[in-house]
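Student: I have a sequence and a 3D structure to read, and I do not know where to begin. Could we go through it together?

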Amino acid sequence: MTTDDTAPHLTWTDDDEPRSGRFGDVYFSRDDGLAETRAVFLEGCGLPDAWAGRRHFTVAELGFGTGLNIAALLDLWSRTRPEGGRLHVFSIEGFPLTADEARRALGAWPELAEAALALTEAWPERTPGFHRVDLPGFHAVLDVAVGDVDWALDQWSGAADAWFLDGFSPALNPGMWSETVMDRIAARSAPGARVATFTVAGAVRRGLSERGFVVEKKPGHGRKRERLEARHVGDRRRGRCRPTGRTDRRGRADDGRRPRDSRRRHPVGLAEGRAHDHRDRGPDRARRRRLDPE
Ligand SMILES: C[S@@+](CC[C@H](N)C(=O)[O-])C[C@H]1O[C@@H](n2cnc3c(N)ncnc32)[C@H](O)[C@@H]1O
């Protein structure tokens with residue numbers, strides 16, 4: 001169960017796209033949401049080449065939402081998985097959807113049916129804390145942290161090989177792109193970690209580059225002119241890099257290191273003023289998330 005503090009206040013557009021009433025924004029464009037996910041996040045992180053030859057690969061995502069990015073990731077992994085490879089996915093969501101809502105959203109893409117079914121049948125609990133979803137058919141495990149991004153990143157001590165930064169636009173939702181969040185991303189990046197996001201906002205580019213990422217603008221998908229790719233090169237001024245290794249659901253390493261604060265805390269609701277009202281302003285509204293002002 002979610003509480004009023006964590007409900008996404010979901011509504012559906014005339015095109016049956018899920019929309020967050022809390023943030024006044026859509027999760028993706030139904031027209032080309034999957035293509036956009038593949039272009040921005042999967043290709044943006046150099047997948048599948050980046051996991052070639054790897055026994056373990058870790059993807060971290062800010063903003064689990066409907067699970068579209070993760071379903072597309074699982075689909076790609078199932079087709080290109082290295083021999084014996086295991087995928088660990090860590091995703092953060094402060095305002096979780098129900099499995100039925102995700103099912104409805106993901107139903108737009110029959111080509112993702114297998115991954116969507118696996119994900120929605122094992123849909124993580126929506127109570128605050130870390131929830132593990134085993135996906136044996138995909139040789140993968142998914143840990144969803146239900147809570148505020150800052151808290152969840154602080155609790156997780158894993159090391160991501162790839163990051164999907166998908167927390168609504170910085171203009172709409174600055175809390176997902178704060179300096180603290182950037183610090184934690186750098187601190188929890190494996191050597192050479194890749195970052196992909198739809199936004200090319202200056203603050204995001206600077207934030208990453210100040211923390212040891214080489215940042216590049218790339219041609220965007222669809223109507224979005226540009227997107228961002230970054231790679232961690234290890235010359236960190238502010239972030240710390242942890243070694244990649246086997247970890248449990250909270251990212252504790254084999255040596256049993258524990259997260260600094262193992263208490264469960266409730267997600268911090270976003271202040272009203274942070275979610276700007278971007279209600280329908282024309283036919284392009286469904287793409288607004290990717291067309292944030294920069
Ligand atoms: C653009 S949507 C993510 C779409 C998702 N990746 C998908 O594939 O459907 C952004 C997500 O970030 C979540 N979010 C926004 N602010 C947050 C915060 N401060 N902490 C945790 N989650 C947050 C929203 O609830 C929303 O689900």
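Student: How many residues surround the ligand, and which are the closest?

Tutor: This is a predicted model, so what we read here is read from a prediction. There are 24 residues around the ligand, and the closest are Gly63, Gly65, Thr66, Leu68 and Gly94. Two elements give two or more residues to this shell, namely α2 (68-80) and β5 (86-93).

Student: Of what classes are the residues in the shell around the ligand?

Tutor: Sort them by side chain. The shell has eleven nonpolar residues, nine polar ones and four charged ones.

Student: Let us step back to the whole chain. How many helices and strands are there?

Tutor: The chain has seven helices and eleven strands. It holds 294 residues, and buried residues make up 48% of them.

Student: What share of the contacts join residues at least 24 apart in sequence?

Tutor: Count contacts between residues at least 6 apart in sequence; of these, 74% join residues at least 24 apart.

Student: How do I read a nonpolar core, and which residues have the most contacts inside the largest one?

Tutor: Look for buried nonpolar residues that are joined to one another. The largest such core here has 75 residues, and Ala71, Leu74 and Trp163 have the most contacts inside it. Helix α2 supplies the largest share of this core, seven residues.

Student: What is Trp163 in contact with, apart from its neighbours in sequence?

Tutor: Set aside the residues within four places of Trp163 in sequence, and its contacts are Ala60, Ile185, Ala193 and Val195. One of these, Val195, is also the bridge partner of Trp163 in β9.

Student: Is strand β8 enclosed or open?

Tutor: Check how many of its residues are buried. In β8 (residues 160-165), six of the six are buried, so the strand is largely enclosed by the rest of the structure.

Student: Which strands does β8 pair with, and in which sense?

Tutor: To read a pairing, find the bridges and compare the strand directions. Strand β4 (residues 56-62) is joined to β8 by four bridges, and the two run parallel. Within that pairing, Val59 stands opposite Ala162. The pairing of β8 with β9 is also parallel, over five bridges.

Student: What does β9 pair with in the antiparallel sense?

Tutor: Strand β9 (189-197) is joined to β11 (residues 226-232) by four bridges, and they run antiparallel. Ala196 stands opposite Glu229 of β11. Strand β10 (residues 213-219) also runs antiparallel to β11, with seven bridges between them. One pair of bridge partners there is Val214 and Arg231.

Student: How many residues lie between β10 and β11 in their hairpin?

Tutor: Six residues lie between the two strands, and in the turn Gly222 has a positive phi of about 60°.

Student: In an open sheet, how do I find the edge, and which strands form it in the sheet containing β2?

Tutor: Look for strands that pair on one side only; here they are β1 (10-12) and β3 (25-26). The sheet has three strands in the order β1-β2-β3, with antiparallel pairing. Three bridges join β1 and β2, and Thr11 has Arg19 of β2 as its bridge partner.

Student: How do the side chains of a strand point in general?

Tutor: In a regular strand, side chains alternate between the two faces of the sheet.

Student: Now helices. Why do the buried residues of α3 line one face?

Tutor: Look down the axis and see where the buried residues point. In α3 (residues 99-106), the buried residues are Ala102, Ala105 and Leu106. They fall within an arc of 90°, so they line one face of the helix. Their cover includes β2 (18-20), α2 and α4 (113-121).

Student: Which residues of α7 are buried, and which are exposed on the other side?

Tutor: In α7 (residues 202-209), Val204, Gly207 and Leu208 are buried. They span an arc of only 95° around the axis, which puts them on the same side of α7. Gly202 and Arg206, on the other side, are exposed. What covers the buried residues includes α6, β9, β10 and β11.

Student: One last residue: is Arg188 buried or exposed?

Tutor: Count its C-beta neighbours. Arg188 has 24 inside 10 Å, so it counts as buried. Arg188 sits in the loop between α6 (179-187) and β9. Its C-alpha atom is 8.1 Å from that of Trp156, which is 32 residues away along the chain.

Conventions. Residues are numbered from 1 along each chain as its sequence is written. This is a predicted model: local features need pLDDT of at least 70, side-chain atom pairs count only at pLDDT 80 or more; totals for chains, interfaces and linings use all residues. A residue is buried if 20 or more other C-beta atoms lie within 10 Å of its own, exposed if 12 or fewer, and partly exposed in between; C-beta atoms are placed from the backbone. A residue is near a molecule or strand if its C-beta atom, placed from the backbone, lies within 6 Å of it. Ala, Val, Leu, Ile, Met, Phe, Trp, Tyr, Cys and Pro count as nonpolar, Asp, Glu, Lys and Arg as charged, and the others, Gly among them, as polar. A nonpolar core is a set of buried Ala, Val, Leu, Ile, Met, Phe, Trp, Tyr and Cys residues joined through C-beta atoms within 7 Å. Two residues are in contact if their C-beta atoms, placed from the backbone, lie within 7 Å. The arc is that of the directions from the helix axis to the C-beta atoms. Two strands pair if DSSP finds at least two bridges between them.
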